[in-house]
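User: Could you take a close look at one pocket in this model for me, the second largest one? I'd like to hear what lines it, and then how that part sits in the rest of the protein.

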Amino acid sequence: LTVPRITPPSRCRAGRAMPKKDDGTKKPASETVPDQRWKLQVFYVCFYGFMTQIRPGESFITPYLLGADKNFTQAEVTNVIMPVLTCSYMAVLVPIFLLTDYLRYKPVLVLQSLSHISIWLLLVLGTSVLAMQLMEFFYGITMAARIAYSSYIFSLVAPSRYQRMASYSRSAVLLGVFTSSVLGQLCITLGSVSFLTLNYVSLGFVSFGLILTLFLERPQRSLFFNRPEGAGDGAAPAELDKMARGDGGGGIRGWREAALCRMLQEVGALTRQPQLRLWSLWWVFNSAGYYLMLYYVHILWNEIYPAMDNRQVYNGGVDAASTLLGAGASFAAGYVKIRWTL
């Protein structure tokens, strides 16, 4: 009599446990990765984010353009060169956002690294206003491609870890900017390194960043276009592969049209969500104000204090202080209980 009374509850418990294990919404593909493996992946992504920000010449681009190395006028820098950055950023932001998820992050990160290399090659070798405008165009691409790094880490971990992993990745980026700014300021103030030499150093670091990018693992799923399907807990095949296989008759053009329709449908679905509309408006005004301040304040500093000696330029110190505060805030945000509906 004891055995029949004990056996059914154990079977019932097993029956109740199985759906949770096989439910794709409860157990994303990232949770099937061995525990130590996803930790190593997250560590590498954070290390990658840190190293790709080591560009000690970045804080001194405006003084470099206005100085003896390039000898552009303040009017050319302010009214002709810099506006290309904001215009190109606005033009490529939405296409890169869609391609980032559709191509599963890594190709866009490679594009970002190649754009970084193009920026510093043009800074070092370019001599015309047109070359500097092209440099700012590539700068706009790198800014728009930051979404690839920001969202890449979500493909590696379960949703329950999103908040903390986001804080780690953002802190790694800001600590990289802090380190880069401090390094650049020390080279300028104490080492009397020229702006041109600093840009060569930056070119070396961004080239190393491209190498790091090539070793990133390309996820099998993403947030929108490559979601896991069914109740299985395995990784879903790439959306591109499914479209390419098709049912016949469509060819290359068929899946391209299907991909475009899918993208438009996703965008339309997102715009119907009130919280996302509000968040998007917040992001537009926040980023517009931030980038206007960030890239034009260097002109203002030069207007207030036109330093004749490069050692008296403290752009790196200011950038270091602001990003260190941002890194601390980003790290703390990962441990704060947030009511996302508010």
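Analyst: Going by this predicted model, the second largest pocket has 21 residues in its lining, and the ones nearest its centre are P63, N302, P306, A307 and V313. Three elements each give two or more residues to that lining: α3 (61-66), α13 (274-304) and α14 (315-333). Of these, α13 supplies the largest share, with four residues. As for space, you're looking at a volume of about 420 Å³.

What about the chemistry of the wall? Sorted by class, the lining of this pocket has 13 nonpolar residues, seven polar ones and one charged one.

It's worth setting that next to the record. The UniProt entry, which is unreviewed, lists residues 80-99, 108-131, 171-191, 197-216, 281-301 and 313-336 under "transmembrane region". V313 is one of the residues nearest the pocket centre, and 313 is also where one of those listed ranges begins. In the model, the stretch 313-336 is 79% helix and 0% strand, with its end C-alpha atoms 38 Å apart. For another of the listed ranges, 197-216, the helix figure is 90%, strand is again 0%, and the end C-alpha atoms are 30 Å apart.

Going on along the chain from α3, you get to a backbone detail to look at. N71 sits in the loop between α3 and α4 (74-81), and its phi is near 65 degrees, a positive value in a residue that isn't glycine. Most residues other than glycine have a negative phi. N71 counts as exposed because its relative accessibility is 59%, and the cut-off for that class is over 50%.

R104 makes a nice counterpart. It has a positive phi of about 65 degrees too, and it isn't a glycine either. This one is in the loop between α5 (83-102) and α6 (106-125). Here the relative accessibility is 9%, so R104 counts as buried; that class takes in anything under 20%.

From α6 you can move on to the enclosed spaces. There are two cavities of 30 Å³ or more, and the largest cavity holds about 50 Å³ of space. Its lining is made up of Y48, T52, Q112, S113, H116, V206 and G209. The elements giving two or more residues to that lining are α6 and α10 (195-214), with α6 providing the largest share, three residues. By class, the cavity lining splits into two nonpolar residues, five polar ones and no charged ones. Put that beside the pocket, whose lining has 13 nonpolar, seven polar and one charged residues.

Now for the wider setting. The protein has 14 helices and zero strands, so to speak a run of α elements from the N terminus on. Of its 342 residues, 39% are buried. Among contacts with a separation of 6 or more, 82% are between residues 24 or more positions apart. The protein exposes about 19100 Å², and carbon and sulfur atoms supply 67% of that area.

To come back to your pocket: α3, α13 and α14 are the elements that each give two or more residues to its lining, and P63, N302, P306, A307 and V313 are the names to pick out if you want to find its centre on screen.

Conventions
Residues numbered from 1 in each chain as written. Predicted model: local features only at pLDDT ≥ 70, side-chain atom pairs only at ≥ 80, totals over all residues. Heavy atoms only, no water. 1 Å grid on protein atoms, 1.4 Å probe; cavity = no way out; pocket = protein on both sides within 12 Å on 5 of 7 lines; lining within 4 Å. Points joined across faces, edges and corners; volume = space filled by probe spheres on them. Nonpolar A, V, L, I, M, F, W, Y, C, P; charged D, E, K, R; others polar. Buried < 20%, exposed > 50% of the residue type's maximum accessible area, 1.4 Å probe, protein only. Contact = heavy atoms within 4.5 Å. Areas by Shrake-Rupley, 256 points an atom, 1.4 Å probe, with all protein chains shown as cover. UniProt positions renumbered as here; feature names shortened; annotations may be inferred.
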